[in-house]
There are 2 protein chains.
Amino acid sequence: MKNFFHLNARSGVPMYLQLKEQIKTAVAGGALRPGDQLPSVRELAVALTVNPNTIARAYNELERDGLLIAEQGRGTFVSEKEPLLKEEERHTQIKSLINKVLIESYNLRITAEKLNAIWEERLKAWKERLRNVQKGDGE
Amino acid sequence: MKNFFHLNARSGVPMYLQLKEQIKTAVAGGALRPGDQLPSVRELAVALTVNPNTIARAYNELERDGLLIAEQGRGTFVSEKEPLLKEEERHTQIKSLINKVLIESYNLRITAEKLNAIWEERLKAWKERLRNVQKGDGE
DNA sequence: ATAATTGTATTAATACATTGATACAATTTG
DNA sequence: CAAATTGTATCAATGTATTAATACAATTAT
């Protein structure tokens, strides 16, 4: 399996968190699809020259979040199930993230109008990407 | 001065970070306006039953970000200046935050359409709030 | 069956972040 | 000018997070 991932031991960000982010991005970007198998804990540990526990921790937390499924003896896969949280909870989570954007935007002196323009631009790019993913070219 | 702030020592989130968030929210929400003086390091430390250094750290980091201005012997105030970062950098920062929203939204199985609906609702509420702040009723 | 491969659990070493105690420095107030 | 008030700096104590070493358990492959 091709290896999307790369860790920086001196970035300040814990390596297991770096990996989590990269997996989430790979799934959201279509590079990893539901059902896909991830590298084994040991294989990836060797490739990234890090302790297997570091990989396991990232996998574990993403399983807890419902994004991955780990099966002992078989491997770890991108989940094909619905997320664990109820729709309302998921909306609450997104609203909270959006609030952070609004507050940060205000403190950066970005007007609501400019912010909305940026939003529309990013969302459009995102939708375009989703279309391409559906056609099959993941990343 | 009325005290907007409250800290939870056992929340897992460091208290100086809790305070930073609350100050940023208070500024963005209009409860604190440019030029307003914040409680002194000691005064707030007593009110929140925490070490003065904890308050000072939050103030310091927000000053480094350009949100506050501290003057020895005088006090700490909400900045009236423009932010330190260039416009392009500020836009980059917001785009990065928006990207996080998009990725998280995808992994939560929220459609782009639904996400946009939530965005428009939140933005509308935010604009409404900004209008009220301009009229003077901060918080 | 046995070996190999996978994820899991336990424990420990280490570094770092957080908070506090205390003293210092600049400005304002009387 | 002296006292009070403000932010700043330094140092130490402590807890916690991160990573690693190692052994265990389940499944698959031979």
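Here are five short exercises with worked solutions on a predicted model with chains A and B.

**Exercise 1. Describe the fold of chain A: how many helices and strands are there, and what pattern do they follow along the sequence?**

Solution. Start with the count: chain A has 5 helices and 2 strands. Next, walk along the sequence, where the elements come in the pattern α-α-α-β-β-α-α. Finally, take the dimensions: the C-alpha trace of chain A spans about 50 × 35 × 30 Å along its principal axes.

**Exercise 2. Work out what relation superposes chain A on chain B, and which residue of chain A comes closest to the rotation axis.**

Solution. Begin with the superposition: a rotation of 180 degrees, with 0.0 Å of shift along its axis, brings chain A onto chain B with an RMSD of 0.0 Å. This is therefore the relation of a two-fold axis. Now look along that axis: A:I98 is the residue of chain A that comes closest, with its C-alpha at 4.0 Å. Then turn to the interface. Of the interface residues of chain A, 100% are also interface residues in chain B, so the copies meet through the same surface.

**Exercise 3. Find how helix 4 of chain A is oriented against helix 4 of chain B, and which residues make the contact.**

Solution. A reminder helps here: two packed helices are described by the angle and the distance between their axes. For helix 4 (residues 87–107) of chain A and its counterpart in chain B (residues 87–107), the axes come within 10 Å and cross at roughly 175 degrees. Angles over 145 degrees count as roughly antiparallel, so these two helices are roughly antiparallel to each other. On the chain A side, the contact is made by A:Q93, A:I94, A:L97, A:I98, A:K100, A:V101, A:E104 and A:S105. Helix 4 of chain B contributes B:Q93, B:I94, B:L97, B:I98, B:K100, B:V101, B:E104 and B:S105. Sorted by class, the residues of this contact are 8 nonpolar, 4 polar and 4 charged.

**Exercise 4. Treat helix 5 of chain A and helix 5 of chain B likewise: at what angle do their axes cross, and how does the contact divide by class?**

Solution. The axes of the two helices come within 12 Å and cross at roughly 175 degrees. Helix 5 of chain A is therefore roughly antiparallel to helix 5 of chain B. Among the residues making the contact are A:L115, A:W119 and A:L123 of chain A, and B:L115, B:W119 and B:L123 of chain B. The division is 8 nonpolar, 2 polar and 4 charged.

**Exercise 5. Characterise the largest pocket and the second largest pocket by volume and by lining.**

Solution. Take the largest pocket to begin with: it holds about 880 Å³ of space. Its lining has 20 residues, and those nearest its centre are A:E21, A:L97, A:K100, B:L97 and B:K100. Helix 1 (15–29) and helix 4 of chain A, together with helix 1 (15–29) and helix 4 of chain B, are the elements giving two or more residues. By class, the lining has 4 nonpolar, 8 polar and 8 charged residues.

The second largest pocket has a volume of about 470 Å³. Its 24 lining residues include A:Y106, B:A28, B:L130, B:V133 and B:Q134, which lie nearest its centre. Helix 5 of chain B gives the most to this lining, with 6 residues. The classes here are 14 nonpolar, 5 polar and 5 charged.

Technical notes: Residues numbered from 1 in each chain as written. Chains lettered and ligands numbered in written order. Predicted model: local features only at pLDDT ≥ 70, side-chain atom pairs only at ≥ 80, totals over all residues. Heavy atoms only, no water. Axes fitted to C-alpha atoms, helices over the stretch in contact; angles between N-to-C directions. Helix = DSSP H or I, 4+ residues; strand = E, 2+ residues; numbered from the N terminus. Parallel < 35°, antiparallel > 145°, perpendicular 65-115°, else oblique. Contact = heavy atoms within 4.5 Å. Nonpolar A, V, L, I, M, F, W, Y, C, P; charged D, E, K, R; others polar. 1 Å grid on protein atoms, 1.4 Å probe; cavity = no way out; pocket = protein on both sides within 12 Å on 5 of 7 lines; lining within 4 Å. Points joined across faces, edges and corners; volume = space filled by probe spheres on them. Least-squares fit on C-alpha atoms with pLDDT ≥ 70 in both.
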